[in-house]
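Subject: Handing over the two-chain model

Dear colleague,

I am passing the structure on to you with this email, and my notes on it come after the entry itself. Please open it first and keep it beside you while you read.

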Amino acid sequence: MKDSDITIKLMNYMFMSMSNTMNQVPFSGQHWMEQLVIGSVQYFIDEYWDDSKLDSKKPVEICRTYLNVMEDVGFLYAKDYRLEESGDSLLMSVKTNKCVYRECCQRTGEKEGLSFKNCIRLGTFQAILRHVLGENNYLTSVDMAADGFCYGKLRPNTQPKEEIVTREGHIIKMAGHRAFLLRQKTYASLMASIRDHAPQILKHVLYDAGYQSGLSLARKARESYPYPKECLQLLLDELTNLGVGKLELVSFSLSCARVKIRCYDSFWADTANEYGHLYRTPQVICDMLRGILAACLSVIFEKEIICEEMVCQSMGADCCEFLALPLPQESSGGRKPHDPRNE
Amino acid sequence: MHRAYFGVEGLDRNLEQGLSYGSQIMVEGDSGVGKTVLAGEFIKEGLRCGDTCVYVACDEPPTVMREHLLSFKVGTPAYEETGRLVFIDAYEEDGSTEKYVLSDLRHLEKYFTLESEVLRSCNGPRVRLVVDSLSTLLTNLEITDVIDFHRTRLKQLKKTGILAMDIFVSGVLEPRLITITSHLYNFILKMSFNGSRCNPVRQMQIGKVKSQQFTSSTHAFTVSPIYGILVAADTGVHK
Amino acid sequence: MNTIPTGINGFDKLVYGGIVRRNSVLIEGVPGAGKTTFGIEFVYRGITEFDEPGVIVTCEELPESLYRDALNFGWDLHALEEANKLRILCTSPEVLNDPEVNIIEEVVREVGAKRILVDSVSHFRNVFSDPILLRRAVYGFCNGLRRLGLTSFLVKERESDGQRDYAFEEYVVDAVIRLENKETPGLHRLRVLEICKTRGQEHIPGKHTFRITNTGIKVFAFEAIAVNSEIKEKDNLVNTGVPGLDDLLRGGLPQGASVAVAGGSGTGKTVLSLQYLIKGAVDYGDKGIFLSFEETPQQLLANAKHFNWDLNTLQQQDLIKVLYLSLSEMEIDETIIRLGEQVKAFGARRLVLDSIYAFLSRIDNIAVLHEKIYFLVSLLNKLNCTTLLISPAWEVESGGKLEVIHSVVQGTILLKSMMIQNRRVRQLEIYKMRGVNHAMGNHLLEINALGIQAFPRLGG
Ligand SMILES: Nc1ncnc2c1ncn2[C@@H]1O[C@H](COP(=O)(O)OP(=O)(O)O)[C@@H](O)[C@H]1O
Ligand SMILES: [Mg+2]
Ligand SMILES: [Zn+2]
């Protein structure tokens, strides 16, 4: 309604700039973007919000009231937004050209390569919900649909995202757990060292380490995303954000539990190309990622999935490709080494 | 030029340049010494390197090798589905559910035809072939037929650049036949039990035929359910 | 040389195109041998195909039967008479030999005749009892015809197939054609003709089969085929469609070759041959003909079905043709000639003949057998049709007949069934293949649900 208002334009420019900047922040860009929105909304709340106007503390009511307050100050029309409850989640829809933040969304959305998209409107809901309900965290997702509407979703989240790196004094934490940063070169020398001392364990170490980390990653994601494909997509996004490489879901069959995934610029393939190969002959080397994916898929499909790297970028392919299938049923664990003393 | 290794550290260490595709490996050893485990390592290594692996199961059903590989976390279905791992069932004769079955063990030409057909259908650039064990196929046959078979087959494998591992169970074939046969291979590995009866020690003797000269070294090894074949350091057992 | 084609199907091949104009040809044979039909067709074809009007002189009682018999072949003699192309003269030998009455000259001029049939000159014997007079009369008669510019067919009756009588006519005329209705092994009656002499031209000697069909006479002439039975183009090889066999043959069968596939019953000859045709059609798009004297088409279809070969569809697609002739119906020359025609018309690249036993059982004379098989093989070679001749086992006592076959064909593949270590094993041997450096010795052969397959012996 106040499209021509230069202040709206300026506000969009500011959010665009923030969004662009946060995309360059190595970790947790989306998280910080949310924090920026929440922070600015908080100033508005402090001045215009009155808890006593609330009829109930249901999230949908809180958000509706918030919209009414915004209308009262002449910022928007509350009726442009549809809000409804869906279980624990909140669904919002708005005609895209009615949204005051559309310029920001459309222009950042047009840019390629942005690893996340923020809906400022949902960010403001996150802010008011947190204000009223306390430390309750909501995840947001939005889809600018072809029918001219934006469909947004807010859902409660109990876990911090894996990619959220924070610093408390001299302590760095990832998703609340202590972490430290390692250069690729250091990693390469670590692996070379293992190979020199115990070559036979190298693959096993990498696979098992990957598997264990994949398990905790996947279990957490599974709580927030019960739908297998959605969960996998989230995990792949999160792994991509963590820097393992750009992961892409090629095919997904729920009934066969058969998944094909590609990874562009895998950290491990890149390490081999940069600092030398660990093995005598060119071969697939992303055992750690293989382990991670096997664990993720085993959690998602609730049965043991085995994942093979069929080609690797370190062997000259365009990308690494992983094919995952369930463990055959009849498996009895293989043959036992023969002991001649039993004869 | 691609070079190949067994995928067994202590063994590969002894092959400076590795093996070339088109060479033939003879593995001879006592029953239970670890020939099939070695075959498993060889296949695992091949799959990692992007090779197509063909395993001819003569002494056990192919599924035994499948499960063996699975126990080492090798997802055989993914490789079988993409044609990178192929089994030939030369064990069941009738009633096998495998795609490739050798229905008649009495005629070497039938085996040869089947093997050639399977190898021809492999579309990868490099192929590994393991016959476990070839000695089973050669029992009860005329020595001249066997030698004709060997010559024709090994020549063909060499020509088509197949990296082949033929396994022979000790004591199954006449020593004379083994001697004649062994001259046809580029690389010979003998595996045996040594030490006392209560404390048997596994040993492998690496023999290479290089410009008519045969060099050899002996190594002790163990078979681990996690790491497969573990070869002791070179300072190990010497005869 | 001025020759005229008789127009009789197949006959002109025997005289390299036709008979010398104005020659007189004697057709002799026992009653019912087909002499009159032969003669009428000569005149009829002359009128209808070469625009040469004709005259038929008959000394038989009633000409009605002549018109009726001709009509059975679709020859309407009345119509030709009305069109002034033909005259039929019903007369007696006395009148014919009366120098005062120039009856023939009259009718010849009426229609401008070029051909004449005289049925028959045997009646001259009734007029002249003195052989010298008889001879002079016939001689004069022939000369008269020649002077009129006529090419003449003279019919002469022969009392029996037995010992030949003194036949002066043969010396007087320019050519003699003898028709026979002879008995063959297997109690078959077979119409054959033999050209005993031709003056001033060449002819193909020997006895040639002919048949009186409902459109006239058809002579199954083995014209001379200029062939070298050696391989034409070395690198034109035909895939057998039998896995392993092509390897043994170093690529396949030489195109146009006839190859005997010999073996005892149950050794896989039919399966191999069926596979040769079916794979040829399916994998190489080659048209093929299966000529069977033994199994019926239904049996062959069922046989093919065992191996999931859809012979029916291939027939509908016009890729394979199954021909069946029961042994009792087949005539050798006719079969060969018709087969050649069919191969040509169908465009067959492959042929199977199951089996050559049909020929062996009919021909006792080795030389005749050789001639027939040689002609067959040459014909197929000329037509570039690669052929499998299924043949009885090598070892069968045949009085030298099998040897004849194996000496004529370009190749021999032997199928065997042997006991080896108490097991019955099928084997295949390429015994000979002209121009091919094929593998030697016995090779394992197997028939399974997919068909027949050879496994080359290792070590060569
Ligand atoms: N469907 C089939 N599967 C396996 N063997 C078959 C099949 N059909 C036929 N045979 C074998 O093939 C033989 C028949 O071969 P066939 O070609 O008919 O012999 P012939 O040489 O008499 O023509 C039989 O002896 C039978 O054992
Ligand atoms: Mg038959
Ligand atoms: Zn990789």
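The notes below begin with conventions, then take up the interface, the cores and chain A.

This is a predicted model, in which local features need pLDDT of at least 70 and side-chain atom pairs count only at pLDDT 80 or more, whereas totals for chains, interfaces and linings use all residues. Residues are numbered from 1 along each chain as its sequence is written, chains are lettered from A and ligands numbered from 1 in the order in which they are written, and side-chain values use heavy atoms, with hydrogens and water left out.

At the interface, 38 residues of chain B are in contact with 39 residues of chain A, contact being taken as heavy atoms within 4.5 Å. The two chains bury about 3,200 Å² between them, 57% of it on carbon and sulfur atoms; buried area here is the accessible area (1.4 Å probe) that two parts lose on being put together, summed over both. On the chain B side, the residues that lose the most area to chain A are B:Arg48, B:Glu67 and B:Lys73, which together make up 22% of what that side buries.

The rule for salt bridges (a side-chain nitrogen of Lys or Arg within 4 Å of a carboxyl oxygen of Asp or Glu) finds four of them across this interface. A:Arg258 forms a salt bridge with B:Glu81, and the closest N and O atoms of that pair are 2.2 Å apart.

Turning to the interior, the largest nonpolar core has 51 residues, and those with the most contacts inside it are A:Val259, A:Cys286, A:Leu289 and A:Phe322. Such a core is a set of buried Ala, Val, Leu, Ile, Met, Phe, Trp, Tyr and Cys residues joined through side-chain atoms within 4.5 Å, where buried means under 20% relative accessible area (1.4 Å probe, protein chains only). Helix α10 (residues 287–301) of chain A gives the most to this core, with ten residues. Leaving aside neighbours within four places in sequence, A:Phe322 is in contact with several residues, among them A:Val259, A:Ile261, A:Cys286, A:Leu289 and A:Leu293. A second, separate core of 43 residues includes A:Met310 and A:Leu323 as well as B:Leu19 and B:Leu85.

As for chain A as a whole, ten helices and eleven strands are found, these being DSSP runs numbered from the N terminus (helices H or I, at least four residues; strands E, at least two). Of the 343 residues of chain A, 47% count as buried.

With best wishes

Terms used
Buried means under 20% relative accessible area, exposed over 50%, partly exposed in between (1.4 Å probe, protein chains only).
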